[in-house]
Amino acid sequence: TECTGIVSFNQALSLETDADLQYLVTGGKLTKVKSNSWKKKRFFQLQDDGETIWHESQKALKRNNTFSINDVESVRRGRQSEVLQKFTDSSMEDLCFSIIFKGKRNTLDLVASSPEDAKHWVTGLEKLIASMQNLNTQQKSEHWIISRMRRADKNRDNVMTLKEVKHFLHDINIEVNDMYAAKLFEACDISKSGALEGEEIKHFYELLTAREEIEVIYGKYALTAGQMSASNLLDFLQKEQREAVSLDYALMLIEKYEPDSAAKQKKQMSRDGFLRYLTSAEGTVFNPAHKEVYQDMRQPLNNYFISSSHNTYLMEDQLKGPSSTEAYIRALTKGCRCVELDCWDGPNGEPLIYHGHTLTSKVLFKDVIKAIRDYAFRTSEYPVILSLENHCSVEQQKVMAKHMTSILGTALLTRPLGKKMPTTFPGPEELKGRILVKGKRLNKLDVVFEDNSSVDVDSVSEEDESAEAKEGEQKAKKSKIKLAKELSDLVVYCKSVHFNSFEHSKEKQAFYEMASFKESKAKQLAEHSGNSYLPFFCIQHFGLSRIYPAGSRTDSSNYNPVQMWNSGCQIVALNFQTPCKQMDLNQGRFLPNGKCGYILKPHFMRIPDFNFDACNLTSGRWLRKKNLHIMVISAQQLPKLNKDKVSSIVDPFVRVEIHGVTADKSSAQTAHINNNGFNPMWNKTFVFAINVPELAIVRFVVEDYDPASANDFIGQYTLPFTSIQNGYRHIPLLTKCGNVIPSAGLFVHIMALDD
C-alpha cells in the first residue's frame, strides 16, 4: 500500500543496501538480562516498516511483543546500565548494550553472541533513531499514515478492501458511519473492482489528508498562476506571520521546502511546499531563534533561573520506590542543572544514596558520581550543582570527598575562580563544564586565600530538609552533625546556611551562602514577608535560594513552581520523576536558550532598585500589557488512548492556560468533537490579557472528553510567552513524560498585540 509521490521511509533508510539495517531485518538471538538467574535468549527482528522491532516470548499464552523506534530514547553500548553492571562480567563489555525507552518502560538489557553482532545491533538501531528524528513533521505524518495503511492490509497483497479501509479509519482515530466509509471507498474505486490499489490508494490518501484550512490560507496568497511566488510568500510572512523578513528569506524557504523541482526553478511555492513550511521549525509556534543559547551567559549565577531536581535518585515515589543512577541520567539529559544526593552510611565503608527511614532501594554514592561524570554535560555544557543532603559519619564523608575528587577530576570546582576573594558569583559561561558542590562548610570562603590551616572536624547544623523531617520530634533544637574538612573544602559558591530573618540575611550573609526553603515556608515568605512581598525578593538579588517540595508529598507530587519564579527564586527543585502539570511548566520554562538549564531572569528582577510584587501589581517596567489572541483551528493525528480496542475513538477538546503573575492566570477551552482524533476542527478564538509577558507561560492541553468520569490526557505543549511566534502555527504535542508524539499536533493562529 505504498503511495506514489510519497518518499518511503524504507527507501530513505536504504533498508535493502545498508549492512547494519539488513542485519536487523534478518534478525537474530540476543540474551535478555533481568537478574543473575533470569538470562534468556530471545529472537529480535526489524519489521518491514523500518520502525517496529519484534521479539519473541517463550510463554505460550503471551502475545508477541513489539516496540517502535519512536519509543526509544537512546541505545547505550557496553555495560552502562545497573542491571548489566551487576549481572554480567566485565569481560563481556563488547557484547552488551541497553535500549533505553522514553517514559516509564523498563530498559531492555541485552547481550549479543559476538562483538560484531553487538556492533551491528547498536549501529543499526542508532541509524533508525537518527532517521526518524531527521524526518520533518510532514514526513512523519506521511510515514505514520502509510504505516497504518500497511497494518490494515492484513493479507499483505497491496490492495485495500472496504473492510480494510474501515479498519484503517478506526486505527487512525476517526469514527465514520458505514455509509460515509462506503461513499469514500466508492469515490476512489475507479476500476470498480471492489478493492483499492495503486493510483486508487494514492487518491484515497489525498482525499483523507486534505487540509481544508491550509487550502483556504494558501488560496488567498497563491496569486501567481495558482501558486505562491516569492513575493506572494513574502506578503504572507509579513502580513500573517508578522515577520520582519526580506525577499531573500522567502526565496530561502522556497529552496528549502519546495518538493517540486519545476516550481522551485520558477521560484514559486506549491501547496505541498507551503504545508512543509508550515510544519517546519520556521512554521511552528516556538521561535527557532530560541532553540540555541541566545541569552547573555556571563551574568552572575544568581541572575538565572536554574533547572533543578528534588530527590533525583528516585524513579518513583519516596516511600518504597527504587533509587537508581538512571534517574540522574534522565534528569541531566533533560537539562537539569541541580541534582540532589541524599547520602547515608553504607556497608564496607561505602556511602549510599537513598531516601532515609523509608523502603526505597539504595544505590552506591560512587556509582551516582560516575553517572554524573558521564552525563552531566551531554545536553548542556553549563555548570551542574550537586546538592548534598549529608547524613554520613565523618569517615564516610571523607570517602565521599575522595570519590568526588578522583572520579570528577578537574571538572569538580574546589576553589573560587581567580586569584583573590570574589564579591559575587561567576557566570554560567565562566563555569562551563564545571561541577559545584552545595553543602555545609566549616569556615568562610576567604580562608582559601589565607595560609592558616583550619580544623579537621567540627559540628554544623543539619541541612534544612533533614531538620524538617525531625521537626515534630525536636522543634526547639536544631540537630548537629560532624563535618569532615575534606568534604567541607569542596563547597565553594553554594554554602548551605539556615535562614534566620531577612535582616540577618541582608546584613550578615555572604553572597555564596544560601538557604533552602520548603514550599510552604517559601510561599508564606513570598506572600507575608513583614508587610511587604519585597524582602523575600531581595534575598534573590544578592544570593541564591533553593525551594523544595514538602516532606508530606510521599507520592513525589509537585508544587506549582511559577510563584517561586515570580519571587525571583533561582533553584526551584521539583520531582522530575513525576509527570504532571508542574513538570510541564518546568519543561516549558526551560525550553528556550538551547534547553541548557539556565534562563536569564527578566531585567527588572536583576536590578537593585525594584519594587516588583507579582501578587499586587503596580506600575513599573515589568508592565508591558499585551492582548493575546489565539484561534484554535484544528488538530492532526491525535493518538488513540485505548490501542487494544479497535472501536475506541477520542472526543478531543483543547484548553489554553496562562500561567504567570496573579493577574495573568487564566484558561479557556473549546467544545469537544465527537469521534474524531484524526482531523478535528474547532475554529475557536480566545483573548487573554497579559500584564507581565516576561513571566507568562502558555500551556496548550488536549484531552479526551468523558461525561461520566475525569477527562483523559492526550497531549500538551508549554512554552514561555516570549518564545511564541505570531501567525498561523503548528504546535507539537508531548506525552505526560514530556516526549514528542510523532505526527500529532495542533494548528492555531496567534496574534499578540499591545494593549
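A polar contact is a pair of N or O atoms within 3.5 Å, where one atom must be able to donate a hydrogen and the other to accept it. The exercises below use a predicted model.

**Exercise 1. Place N70 and find its partners**

Task: Where is N70 found, and is N70 buried or exposed? Which side chain does N70 join in a polar contact?

Solution.
- Step 1: Locate the residue. N70 sits in the loop between β4 (65-68) and β5 (72-77).
- Step 2: Check the surface. The relative accessible area of N70 is 15%. Buried means under 20%, so N70 is buried.
- Step 3: Find the polar partner. The side chains of N70 and E51 are joined by a polar contact of 3.0 Å.
- Step 4: List the contacts. Leaving out residues up to four places away in sequence, N70 touches E51, K102, M132 and P742.

**Exercise 2. Follow a salt bridge between helices**

Task: What parts does the salt bridge of D20 and K127 tie together?

Solution.
- Step 1: Find the bridge. D20 and K127 meet through their side chains, at 2.9 Å from N to O. A salt bridge needs these atoms within 4 Å.
- Step 2: Place both ends. D20 lies in helix α2 (residues 19-26) and K127 in helix α4 (residues 115-134), so the pair ties together parts 107 residues apart in sequence.
- Step 3: Check the surface. D20 is buried, at 14% relative accessibility. K127 is partly exposed, at 29%.

**Exercise 3. Look inside one helix**

Task: How many residues apart are R330 and E326, and in which helix do they lie?

Solution.
- Step 1: Find the bridge. R330 and E326 form a salt bridge, with their closest N and O atoms 3.6 Å apart.
- Step 2: Place the pair. Both residues lie in helix α14 (residues 325-333). They are 4 residues apart, about one turn of the helix.
- Step 3: Check the surface. R330 has a relative accessible area of 23% and is partly exposed. E326 has 9% and is buried.

**Exercise 4. From one bridge to a network**

Task: How many salt bridges does the structure hold? Which residues are joined into one network by salt bridges that share partners?

Solution.
- Step 1: Take the total. The structure holds 28 salt bridges.
- Step 2: Look at one of them. K432 and E429 meet at 3.0 Å, N to O. K432 is partly exposed at 32%, and E429 is partly exposed at 23%.
- Step 3: Name the network. Shared partners link K581, D584, R655, E657, R699 and E703.

**Exercise 5. Read the aromatic rings**

Task: Why does the pair of Y382 and Y598 count as edge-to-face? Which residues form one aromatic cluster?

Solution.
- Step 1: Take the total. There are 25 aromatic pairs.
- Step 2: Check the angle. The planes of Y382 and Y598 are at 70°, with 6.4 Å from centre to centre. Planes over 60 degrees apart count as edge-to-face, so this pair is edge-to-face.
- Step 3: Place both rings. Y382 lies in the loop between α15 (365-375) and β14 (384-390), and Y598 in strand β22 (residues 598-600), so the pair ties together parts 216 residues apart in sequence. Y382 and Y598 are both buried.
- Step 4: Try another pair. F511 and Y512 have ring centres 5.5 Å apart and planes at 90°, so this pair is edge-to-face. F511 is buried at 10%, and Y512 is buried at 3%.
- Step 5: Name the cluster. Y218, Y221, F236, F274, Y277, Y728 and F747 belong to one aromatic cluster.

Technical notes: Residues numbered from 1 in each chain as written. Predicted model: local features only at pLDDT ≥ 70, side-chain atom pairs only at ≥ 80, totals over all residues. Heavy atoms only, no water. Helix = DSSP H or I, 4+ residues; strand = E, 2+ residues; numbered from the N terminus. Buried < 20%, exposed > 50% of the residue type's maximum accessible area, 1.4 Å probe, protein only. Phe/Tyr/Trp six-rings, centres within 6.5 Å; stacked < 30°, edge-to-face > 60°. Contact = heavy atoms within 4.5 Å.
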